[in-house]
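Grab a pencil and open your viewer. Here are a few short exercises to work through on the structure below.

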Amino acid sequence: LVTSVADMGIFEKITADQLSCQPSLQDFVILEGNLPESTIGEICEICKENKVRVLYEPVSVAKSKRAVSHLAGISYITPNEMELQAMYDSLFPEDSVLERKVTASVKDADQPADIKSCEEYSKKILQEMVQLGEFSNEKAVLVTLGADGVLCTYMRYGDNSITVKHFNANYVDPEAVKSVTGAGDTFAGAFTWARVIEQKSLESSVEFAISAAALTIQSEQAVSSSLPSLLQDATTDRP
């Protein structure tokens with residue numbers, strides 16, 4: 001590669017009709033916030049009608065809000081703390097969100113995650129996902145918190161209550177961190193592989209995704225070249 005041009009505006013022109021795959025024929029669909037809201041909504045509706053699970057990766061604070069009107073067709077959401085707050089604000093504009101201190105789009109990496117608030121926001125978003133959607137499997141909000149791990153808030157079909165579980169992050173020496181670029185995408189992809197392809201439990205899938213993201217931040221590449229070995233090990237450990 002000698003020269004490349006990145007024009008994110010291209011994504012704004014993508015429609016559901018232009019996609020090479022038919023969402024209704026898939027077992028699982030991953031959507032990201034770079035797509036236009038209309039396209040996200042159309043795909044979510046198709047997937048809902050055909051009982052196809054959807055994972056939504058928000059991408060950014062600004063674009064995270066593109067899915068809030070389409071939660072009925074989404075099974076999993078993987079926001080970071082700031083994206084979660086933005087989605088909550090969009091869903092509940094009348095709520096001041098407890099005089100939230102974080103108003104900037106970038107959060108201080110050294111500031112510990114507000115796990116208590118994340119739990120509150122996640123529960124309310126999950127309730128919207130369950131109430132608005134045809135609840136036939138499981139729905140979960142997986143909040144990635146960097147060094148503070150992952151907060152998993154979920155409800156399975158037949159459950160009478162919401163379950164919240166906090167997963168610790170894998171320890172990574174700060175000097176070994178090369179870049180956090182791609183960590184969120186790696187988490188979403190690894191979670192999907194473990195949950196859908198390997199059919200691991202929700203909890204095991206989250207733990208695997210955390211391990212995959214930990215590898216990525218130690219690599220200068222967007223996705224660590226060590227990831228195939230992790231996948232192989234996980235496949236070998238299959239019962």
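The exercises that follow are worked on a predicted model.

**Exercise 1.** Work out in which sense strands E1 and E2 pair, and what unit they make with helix H1.

*Solution.* Start with the strands: E1 covers residues 28-32 and E2 covers residues 53-57. Five bridges link the two, and the pairing is parallel. Now add helix H1, residues 37-49: E1, H1 and E2 together make a β-α-β unit, and its hand is right. To check the register, go to glutamate 32, which sits opposite glutamate 57 of E2.

**Exercise 2.** Find asparagine 34, decide whether it is buried or exposed, and list its partners.

*Solution.* First, place it: asparagine 34 lies in the loop that runs between E1 and H1. Next, accessibility: its relative value is 8%, and the cut-off for buried is under 20%, so asparagine 34 counts as buried. Then look at the side chain, which makes a polar contact with the side chain of glutamate 32 at 2.7 Å. Finally, leaving out residues up to four places away in sequence, asparagine 34 touches Met8, Phe11, Glu12, Val59, Lys63 and Arg66.

**Exercise 3.** Do the same burial check for glutamate 220, then see how far it is from valine 177 in space.

*Solution.* Glutamate 220 belongs to the loop between helix H6 (202-216) and helix H7 (227-236). Its relative accessibility is 71%, and exposed means over 50%, so glutamate 220 counts as exposed. Last step: valine 177 is 43 residues away in sequence, yet the C-alpha to C-alpha distance to glutamate 220 is 8.8 Å.

How values were computed. Residues numbered from 1 in each chain as written. Predicted model: local features only at pLDDT ≥ 70, side-chain atom pairs only at ≥ 80, totals over all residues. Heavy atoms only, no water. Pairing = 2+ DSSP bridges. Helix = DSSP H or I, 4+ residues; strand = E, 2+ residues; numbered from the N terminus. Right-handed = clockwise from strand over helix to strand, strands pointing away. Buried < 20%, exposed > 50% of the residue type's maximum accessible area, 1.4 Å probe, protein only. Polar contact = N/O pair within 3.5 Å; in protein donor to acceptor, adjacent residues only side chain to side chain. Contact = heavy atoms within 4.5 Å.
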